[in-house]
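The following exercises concern helix geometry, burial, packing and the contact between chains. Each task is followed by a solution in steps.

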Amino acid sequence: MEIFVQQLINGLTLGSIYGLIAIGYTMVFGIIGMVNFAHGDVFMVSAFIALICFLLVTTVMGITSIFLALAIVLVVAMVFTSLLNWAIERVAYRPLRGSFRLAPMISAIGMSIFLANFVQVTQGPRNKPIPPMITDVIVLMDNGSYQVTLAWKQVIIMVITAALLGGFWYLVQKTSLGRAQRACEQDRKMAALLGINVDHTISLTFVIGAALAAVAGTLYLMYYGVANFADGFVPGVKAFTAAVLGGIGSLPGAVLGGLLIGLIETFWSAYFSIEYKDVAAFSILAITLIFMPQGLLGRPEVEKV
Amino acid sequence: MAVQTADTAPPAAANPVLGPAFKDALIVGLIALGLFGPLIGFETVIIDGALGLAYRPSLLAIMVGIIFFGRLLLNVTLWSPNRKPSTHTGPTLFDRAGTVMGPGVKPALLAFAVLFPAIAIFSLGGLNESRYLIDLGILILTYVMLGWGLNIVVGLAGLLDLGYVAFYAVGAYTYALLATSAPINDFFAGLFGATFWANWAFWICLPMAGIFAGVWGMILGFPVLRLRGDYLAIVTLAFGEIIRLVLINWVDFTNGGAGIASIPRATFFGIPFNAGPDGFAALFGLPFSPMHRIVFLYFVILALALLTAFVTVRLRRLPVGRAWEALREDEIACRSLGINTTTTKLSAFATGAMFGGFAGCFFAVRAGFVSPESFTFDVSAMILAIVVLGGMGSQIGVAVAAAVMMGGMEMLRNLGFLKQIFGNDFDPSLYRMLIFGFAMVAIMVWKPRGLVSTRDPTIFLKERKAVSGDLVKEGHG
């Protein structure tokens with residue numbers, strides 16, 4: 001029982017991070033119908049930007065309040081990552097609209113390889129550890145031999161994720177930008193005829209996706225305390241799995257899928273085998289795509305000529 | 001840095017071209033500063049066990065400066081609004097070079113590939129001295145073969161396979177496991193003598209590796225080939241990773257991350273390359289040299305690569321090959337015409353997988369050691385990049401791309417002046433994947449049909465369409 005509760009907490013924490021990344025996949029897929037393969041690496045770059053900013057803030061500027069530092073790091077990482085993703089869309093994807101169907105995918109794979117190796121070349125291939133930031137924990141249950149703990153950083157992750165998702169939901173449902181986005185998702189040509197700047201809306205979609213990925217990157221860095229150039233690939237695929245599982249194109253689906261993948265991964269590691277946890281995630285991806293391509297909350301895809 | 005230069009530059013408002021060009025370059029320079037600022041401007045370094053920052057302002061200034069002045073230069077020259085639009089609509093330089101060299105280039109390349117060991121040996125003055133070059137030739141040819149194998153899947157059938165390395169791994173492990181298996185060795189030792197299996201393992205396992213990989217291609221392909229293109233890519237990626245993770249974790253079967261060592265070497269059709277009385281050298285009356293085996297391996301991989309090319313060329317003339325190309329151009333039209341898309345895709349997938357298996361078997365026998373480390377996603381990405389750069393569907397393009405990307409990087413490593421410019425620890429092969437990634441994006445943006453060659457369908461009805469199939473979306477044009 002105690003182990004179960006502990007894994008539930010860990011799984012929800014991990015799932016929050018996956019959910020934040022998955023939104024980036026699902027939004028881009030919804031609006032331009034491409035799998036943004038580089039999104040996982042954008043997440044990784046954001047963790048590095050957060051790492052550098054954190055070091056600047058703590059060692060150079062000498063800010064000791066961890067919460068102030070975290071807030072600054074979050075904002076800086078969001079700004080720079082958004083700029084990066086905006087530039088990527090502009091350079092690598094926008095010229096390919098209307099090209100043959102595999103072109104954006106190949107371009108995205110190239111961009112993913114480029115980003116990972118750019119970080120490897122500029123920052124070195126080694127793990128970059130930072131000292132643990134917030135180590136306080138709340139003991140929820142204690143049966144003498146096993147303590148169920150809720151770390152403060154887990155609370156922070158869940159609170160930030162929930163707050164951001166609320167704001168994001170408001171943005172998509174209530175603002176004119178969100179309306180434009182949903183319109184482009186349904187019919188890009190019609191949206192353009194009605195005076196929506198489609199290119200602008202797509203750019204903003206990438207910016208929002210990157211900002212959420214940057215939050216995920218910062219929280220990931222805070223939670224695990226380590227950044228590595230290869231860290232974009234596996235979390236990226238898992239977040240994509242989450243997006244597919246929840247139904248690609250569906251925003252609540254991405255969050256639900258993220259939480260599910262996080263839970264499945266932690267429970268699998270706890271009860272079956274930690275070695276095969278990635279195999280489990282990858283298998284879920286394959287199984288979902290084969291048997292349930294519309295996911296849990298998605299709409300079935302209609303093929304039109 | 002670039003921003004400061006911008007401030008001190010003379011005002012350029014007099015010229016209507018220069019002003020906007022300057023403004024545009026300034027904006028791009030600022031964006032570049034924002035993009036490169038964090039990752040190039042700072043380096044995270046570990047000092048005394050703790051993470052600290054090192055600053056690289058000059059490098060950042062150089063990078064941003066290059067982008068600023070490059071953009072400015074382009075704005076006032078190539079992209080200038082005053083410049084007359086190019087009236088030259090004929091074939092580009094690459095196309096013309098292609099037509100001029102067209103008929104001669106294939107035999108010439110083939111002759112060069114066949115004579116390469118001889119050229120290497122004579123130009124370097126001895127068997128042992130040429131080892132490096134011939135090893136490089138083997139590496140390039142392995143990637144040429146993998147490129148040609150993946151070309152069947154990606155270039156001909158238009159299926160994006162990101163897990164091609166899985167079949168390479170299946171081939172390599174098939175040979176490694178069978179050749180080192182004690183029961184099989186004992187079984188053949190009882191029938192044909194003690195050294196039979198060690199001498200013949202490669203030649204018996206080579207076709208089996210291909211068949212196994214092909215069967216794996218069918219097993220993996222069957223459920224996923226109904227998926228749309230980009231889903232297929234991700235699922236193949238997932239399968240590739242699953243196979244690698246199983247190879248790492250199933251220690252009883254594959255020896256895990258430690259890999260399988262002392263795999264039997266290749267033999268000259270049963271005659272081992274050793275110094276003994278039954279060895280290759282003694283039998284042919286040559287002085288013993290370990291290079292005999294290397295040169296022989298070179299010809300084995302050359303033959304395998306040529307087999308791949310030959311089979312592909314012949315398949316393109318068969319109905320199944322035509323169906324692959326049709327599928328690549330327009331899947332919905334194919335279905336309307338009664339082509340069974342699932343079996344057509346499956347045949348392409350399995351054929352490509354089979355050649356990947358052959359290449360894997362060769363990899364195992366050449367290295368004498370396999371471990372899951374050799375079969376990461378990077379290898380898949382590298383092969384895909386070679387196919388994309390060469391022009392999807394083009395044989396010669398893939399070969400040239402493999403030679404340039406694999407061989408070129410190795411050559412760069414030995415150039416002394418690069419070390420003088422970039423410092424002693426400069427290793428160009430670190431930048432290989434960086435260049436691969438960048439090149440993939442650049443090719444898709446500028447020349448989606450590939451740098452070297454085109455990928456027009458083999459046959460047309462009546463005339464070529466004004467718009468090629470690769471410039472329009474599926475089902476359009």
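**Exercise 1. Compare the span of helix α5 (residues 152-174) of chain A with the value expected for an ideal rise, and state what the helix packs against.**

Step 1. Helices (H or I, at least four residues) and strands (E, at least two) are DSSP runs, numbered from the N terminus. The expected span of a helix is 1.5 Å times one less than its number of residues. For the 23 residues of α5(A) the expected span is 33 Å, and the end C-alpha atoms are 32 Å apart, which agrees.

Step 2. A residue is buried if 20 or more other C-beta atoms lie within 10 Å of its own, exposed if 12 or fewer, and partly exposed in between, with C-beta atoms placed from the backbone. In α5(A), the residues K153(A), Q154(A), I157(A) and T161(A) are buried.

Step 3. Two residues are in contact if their C-beta atoms, placed from the backbone, lie within 7 Å. The buried residues of α5(A) pack against α1 (2-32), β3 (147-151) and α8 (198-224) of chain A.

Conventions for all exercises: this is a predicted model, in which local features need pLDDT of at least 70 and side-chain atom pairs count only at pLDDT 80 or more, while totals for chains, interfaces and linings use all residues. Residues are numbered from 1 along each chain as its sequence is written, and chains are lettered from A and ligands numbered from 1 in the order in which they are written.

**Exercise 2. Repeat the span test for helix α4 (residues 103-123) of chain A, and determine how many of its residues are buried.**

Step 1. At 1.5 Å a residue, the 21 residues of α4(A) should span 30 Å; the end C-alpha atoms are 30 Å apart, which agrees.

Step 2. α4(A) is mostly covered, since 19 of its 21 residues are buried.

Step 3. G124(A) follows α4(A) and has a positive phi, near 90°.

**Exercise 3. Characterise the overall fold of chain A and set chain B beside it.**

Step 1. Chain A has 11 helices and 4 strands; chain B has 19 helices and 4 strands.

Step 2. The radius of gyration is taken over C-alpha atoms, and the globule rule is 2.2 Å times the number of residues to the power 0.38. For the 305 residues of chain A, a compact globule would have a radius near 19 Å, and the value of 19 Å for chain A agrees. Along the principal axes, the C-alpha atoms of chain A fill a box of roughly 65 × 45 × 40 Å.

Step 3. In chain A, 52% of the 305 residues count as buried, and in chain B, 42% of the 477 residues do.

Step 4. Of the contacts in chain A with a separation of 6 or more, 75% are between residues 24 or more positions apart. In chain B, 76% of the contacts between residues at least 6 apart in sequence join residues at least 24 apart.

**Exercise 4. Locate the largest nonpolar core relative to the domains of chain B.**

Step 1. Domain bounds come from an automatic or database domain assignment. For chain B the assignment gives domain 1 (18-76) and domain 2 (99-413 + 447-471). The centres of these two domains, taken over C-alpha atoms, are 41 Å apart.

Step 2. A nonpolar core is a set of buried Ala, Val, Leu, Ile, Met, Phe, Trp, Tyr and Cys residues joined through C-beta atoms within 7 Å. The largest has 230 residues, of which Y175(B), I301(B), I386(B) and A402(B) touch the most other members. α8(A) supplies the largest share of this core, 16 residues. Both domains of chain B give residues to this core, so it lies between them.

**Exercise 5. Describe the surroundings of A402(B) and G240(B).**

Step 1. A402(B) is found in helix α17 (residues 395-413) of chain B. A402(B) is buried, because 28 other C-beta atoms lie within 10 Å.

Step 2. Leaving aside neighbours within four places in sequence, A402(B) is in contact with I140(B), Y143(B), V144(B), G147(B) and I386(B).

Step 3. G240(B) is found in helix α9 of chain B and counts as buried, with 26 C-beta neighbours inside 10 Å.

Step 4. With neighbours within four places again left aside, G240(B) is in contact with L162(B), G163(B), V165(B), A166(B), F377(B) and S380(B). The C-alpha atoms of G240(B) and A166(B) are separated by 4.7 Å, although the residues are 74 apart along the chain.

**Exercise 6. Give the composition of the side of chain B that touches chain A.**

Step 1. The contact takes 53 residues from chain B and 54 residues from chain A. Among the elements of chain B that each supply at least two residues are α2 (18-41), α8 (196-224) and α9 (229-249). α9(B) gives the most, with 13 residues.

Step 2. Ala, Val, Leu, Ile, Met, Phe, Trp, Tyr, Cys and Pro count as nonpolar, Asp, Glu, Lys and Arg as charged, and the others, Gly among them, as polar. On this basis, the side of chain B that touches chain A has 39 nonpolar, 8 polar and 6 charged residues.
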